[in-house]
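Me: Could you take a close look at one part of this model for me, namely how its strands pair up, and then carry on to how its domains meet? Keep it relaxed, but give me the numbers.

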Amino acid sequence: MATVDLQLHDIQKGFGTFKALDGVSLDVAAGELVCLLGPSGCGKTTLLRCIAGLERQDQGRILFSGRDVSLLPPQARDYGILFQSYALFPNLTVSQNIAYGLTALGREASRKRVAEMLDLVGLTGSEHKYPAQLSGGQQQRVALARALAPSPSLLLLDEPMSALDAQVREHLCGELRSLQRQLGITTLMVTHNQDEAMLMADRIAVMNQGRVEQYSTPQAIYDAPATPFVAEFVGQGNWLPYQRDGAHARVGGLSLRLTTPGQSEQGRLFCRPEAVLVNPVSEQDNLFSARMRDITFLGNRCRLSFELDDLPGHALLAEMAPEAMPPLHGKQIRVALPPHSLQVFA
């Protein structure tokens with residue numbers, strides 16, 4: 001199965017006065033899995049449809065391995081696609097659904113390819129069943145097998161897990177990622193679910209209002225969000241309004257030491273909940289008295305809600321593993337906001 005590298009240059013698309021895509025440029029390496037992540041209406045599905053040729057961009061170029069496919073019809077672009085609804089034919093068996101795109105092959109070659117696909121997605125023995133006789137996860141595997149059967153060089157996935165419950169979704173995310181690596185097929189996946197993107201992607205393009213706000217690895221996007229939108233959309237976070245004071249930030253009656261002072265006179269400080277230290281055993285920078293508001297048990301972690309004594313009315317969060325929870329005596333605690341964990345946004 002040949003793979004392609006995908007290049008998008010200044011893709012723009014409007015619907016009337018609404019600008020769905022506003023100058024999107026991306027590169028996807030051959031064999032890479034990239035997720036387009038963002039809220040509803042951010043343009044991610046429109047971008048996928050432009051790549052597939054199901055929508056025509058108003059401006060910009062789309063290249064597969066250096067070949068300009070911007071104006072080619074869908075059938076000339078050499079991709080497989082898996083839709084949110086799976087779009088299986090209810091009156092066709094599993095085998096017939098998978099064989100649907102193999103009309104150019106002879107009957108024996110088609111039968112052999114279907115058997116290979118059934119084995120690949122773990123559905124050998126289900127070839128004579130109809131979609132209504134399958135679970136949601138099995139239907140998704142059939143749709144994936146159908147998309148892969150013609151050996152496309154590019155795989156496009158449009159919210160492929162959205163119809164599944166959480167446990168099945170996580171399992172199939174792992175299976176799909178493993179299969180994608182095994183085949184080495186270049187893959188572009190649309191999702192609004194940050195857990196899916198974090199679990200599966202080599203790189204993530206976080207989209208907002210028709211633009212890419214950050215394009216990087218999952219770890220970089222989580223640890224060093226490039227914009228306030230990315231910081232808020234991916235994971236939980238604490239925000240503190242500040243006034244700059246040299247290497248410190250003044251937040252209400254507090255003075256916080258920073259390792260990366262902001263250039264603007266005011267802005268917001270951002271900190272992940274897991275970076276907050278609760279009742280640390282040793283002295284720390286940015287250590288303050290606080291009052292506990294609530295503790296929520298979330299299985300593999302506990303979430304603490306608190307407010308700083310010198311910043312009343314401003315709820316903050318801390319998260320830690322249950323076994324790491326320090327002894328808490330009453331509502332009064334001490335919390336530290338380590339300088340290296342504070343990111344400055346103007």
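Reply: Quick ground rule before we dig in: two strands pair if DSSP finds at least two bridges between them. Keep in mind that this is a predicted model.

Let's start with the open sheet, which has four strands in the order β2-β1-β4-β5, paired antiparallel. The edges belong to β2 (18-28) and β5 (67-68), each of which pairs on one side only. Zooming in on β1 (residues 6-15) and β4 (residues 59-64), you'll find five bridges between these antiparallel strands. Within that ladder, Gln 12 sits opposite Gln 59 of β4.

Now jump along the chain to β11 (residues 238-245). Six bridges tie β11 to β14 (residues 266-271), again running antiparallel, and Asn 238 faces Cys 271 in β14. β11 also pairs with β12 (residues 248-251), antiparallel too, over three bridges; there, Arg 244 has Ala 249 as its bridge partner. β11 and β12 make a hairpin with two residues between them, and Gly 246 in that turn has a positive phi of about 65°.

How do these strands relate to the domains? The protein chain splits into domain 1 (4-232) and domain 2 (236-345), so β1 and β4 fall within domain 1 because their residues, 6-15 and 59-64, lie inside its bounds. The C-alpha centres of the two domains are 39 Å apart.

As for the interface itself, ten residues of domain 1 touch seven residues of domain 2. Together the domains bury about 690 Å², with 48% of that on carbon and sulfur atoms. On the domain 1 side, Tyr 222, Pro 228 and Ala 231 account for 62% of the area buried against domain 2, more than any other three residues.

On the polar side, the rule picks up one salt bridge across the interface. Arg 268 and Glu 232 form a salt bridge whose closest N and O atoms are 3.9 Å apart, and that passes because the cut-off is 4 Å. Three residue pairs are in polar contact between the domains, both members being at pLDDT 80 or more. From domain 1, α7 (218-223) and α8 (228-233) each bring at least two residues to the side touching domain 2. By type, that side of domain 1 breaks down into seven nonpolar residues, one polar and two charged.

Conventions. Residues are numbered from 1 along each chain as its sequence is written. This is a predicted model: local features need pLDDT of at least 70, side-chain atom pairs count only at pLDDT 80 or more; totals for chains, interfaces and linings use all residues. Side-chain values use heavy atoms; hydrogens and water are left out. Contact means heavy atoms within 4.5 Å. Buried area is the accessible area (1.4 Å probe) that two parts lose on being put together, summed over both. A salt bridge is a side-chain nitrogen of Lys or Arg within 4 Å of a carboxyl oxygen of Asp or Glu. A polar contact is a pair of N or O atoms within 3.5 Å; within protein, one must be able to donate a hydrogen and the other to accept it, and residues adjacent in sequence count only if both atoms are side-chain atoms. Ala, Val, Leu, Ile, Met, Phe, Trp, Tyr, Cys and Pro count as nonpolar, Asp, Glu, Lys and Arg as charged, and the others, Gly among them, as polar.
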